[in-house]
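Visitor: Could you take me through one spot where two helices meet, up close? After that, I'd love to hear how the strands elsewhere fit together.

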Amino acid sequence: MRKHGIEEGRGAFVEGAWYIIADAACVGKRPVAVERFGTRLVLFRDDRGALVAARARCPHRGADLGLGRVVGGAIECPYHGFRFASDGRCVAIPCEGRGASARGVGDALALTRYEAREHRGFVWLFWGERPAELPPVPWFDGLPPDERHAHTASMDWDVPFARAMEGMLDVHHLPFAHRPWFPGVGAMLDPCEVRVEGDVIHAEAVLRHDDGEPWDGRRGWRFELEVRFPGVLRLSFGKRVVGMAGCAPIDAERTAIVGRYYVPIPVIGRLLAWIGLRAEFCLIQPGDERMLASSEPRDADLDACRFVRADAGILAWHKMRRARLKAQRAGEPRRLPVEAG
């Protein structure tokens, strides 16, 4: 592989950042297992309803805790009934009797836990070595104050994370990759402005027909895109619809996407958001996945592409990623965000 492939290719996950990994509404009374960053995780709620994220492998003999159940706020292994509290401690070992945990039998059986938060209806995971002070969970100004007029859904792409983020930042594919659904949309991206503020990429662009004249401020489809690096973004199109998405690597080859539409219209807003997001996931996103999955090379490689002005947002994202991965290699951080049990 070329230089960028070595730096940014297969298995290179950006650490020290919050990722959206699931819809919090999907984590109820039963544990939920997901795979992220090549690791199988289990999500469950303790006796107070607080979210817990841990490695799904039972420390005893490796059973999948995602197949277990939650008893009194502790997750129970489906194989031998060992139970683990929200702080990771093993609190029950049936084969050793009721007093086993009190006698210290389970001291070496603590779960590997991860920093996770529930915020605005999403499950957020901090991937990377835990710093002395965790950064705040990112969010966007201007979004509705609650989710009353919103709908959330999830899907998986058979596409590496960096490729998926290229697709999220790409606007000028719309009149071609999605021609059946957006007939008559102009192909020229003008004006197109991208600016970077810290770890945030702002992009404003208009897709319009090339009539040889400067943009008059009215014609065309206007898009506003904001990305909180590495994988959380907000997209505004039109006056009534706002979308956002959280992308996280499942492994080196696949990406999980949690999407949401807001339609802040009384009474019918939630229904319209459901219709809009369902159409997005069923009609639009499969085309994006197909284009990205068929692109060569499969992993993002800047040397293999010839970018144009309309790709400025993608280039800004790759610049951030390259800098972050370079810093990770220099500091040699731990791979897993382990919190001592």
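Guide: Sure, let's start with helix 2 (residues 161-168) and helix 5 (residues 312-331), whose axes come within 9 Å and cross at roughly 150°. Keep in mind that this is a predicted model. The crossing of helix 2 and helix 5 is right-handed. Which residues make the contact? From helix 2 you have Phe161, Ala162, Met165 and Glu166, and helix 5 brings Ile314, Trp317, His318 and Arg321. Sort them by class and you get 5 nonpolar residues, 1 polar and 2 charged ones where helix 2 touches helix 5.

Now for the strands. Find strand 17 (residues 241-249): 8 of its 9 residues are buried, so the rest of the structure largely encloses it. Let's look at its partners. Strand 16 (residues 232-237) runs antiparallel to strand 17, and 6 bridges join the two. If you want one pair to click on, try leucine 233, whose bridge partner in strand 17 is alanine 245. Stay on alanine 245 for a second, as it also stands opposite glycine 259 in strand 18. Strand 18 (residues 255-262) pairs with strand 17 over 8 bridges, in the antiparallel sense. Strand 17 and strand 18 form a hairpin, with 5 residues between them.

There's also an open sheet of 3 strands to find, with the order 1-11-10 and antiparallel pairing. Its edge strands are strand 1 (17-23) and strand 10 (116-119), each of which pairs on one side only. On average, neighbouring strands of this sheet are turned by 30° against each other, if you ignore direction. Strand 1 and strand 11 (residues 122-127) are antiparallel and share 6 bridges. One pair to look for is aspartate 23 with its bridge partner in strand 11, phenylalanine 122.

Finally, how far can you trust the picture? The mean pLDDT of the protein is 89, with 91% of its residues at 70 or more. Over residues 1-10, though, the pLDDT is below 50, and this stretch has 23 contacts in the model beyond near neighbours in sequence. The pLDDT is also below 50 over residues 333-341, a stretch with 26 contacts beyond near neighbours in sequence. Where pLDDT is low, the predicted coordinates shouldn't be read in detail.

Terms used
Residues numbered from 1 in each chain as written. Predicted model: local features only at pLDDT ≥ 70, side-chain atom pairs only at ≥ 80, totals over all residues. Heavy atoms only, no water. Axes fitted to C-alpha atoms, helices over the stretch in contact; angles between N-to-C directions. Helix = DSSP H or I, 4+ residues; strand = E, 2+ residues; numbered from the N terminus. Left-handed = near helix turned anticlockwise from the far one by under 90°. Contact = heavy atoms within 4.5 Å. Nonpolar A, V, L, I, M, F, W, Y, C, P; charged D, E, K, R; others polar. Pairing = 2+ DSSP bridges. pLDDT = per-residue confidence, 0-100. Buried < 20%, exposed > 50% of the residue type's maximum accessible area, 1.4 Å probe, protein only.
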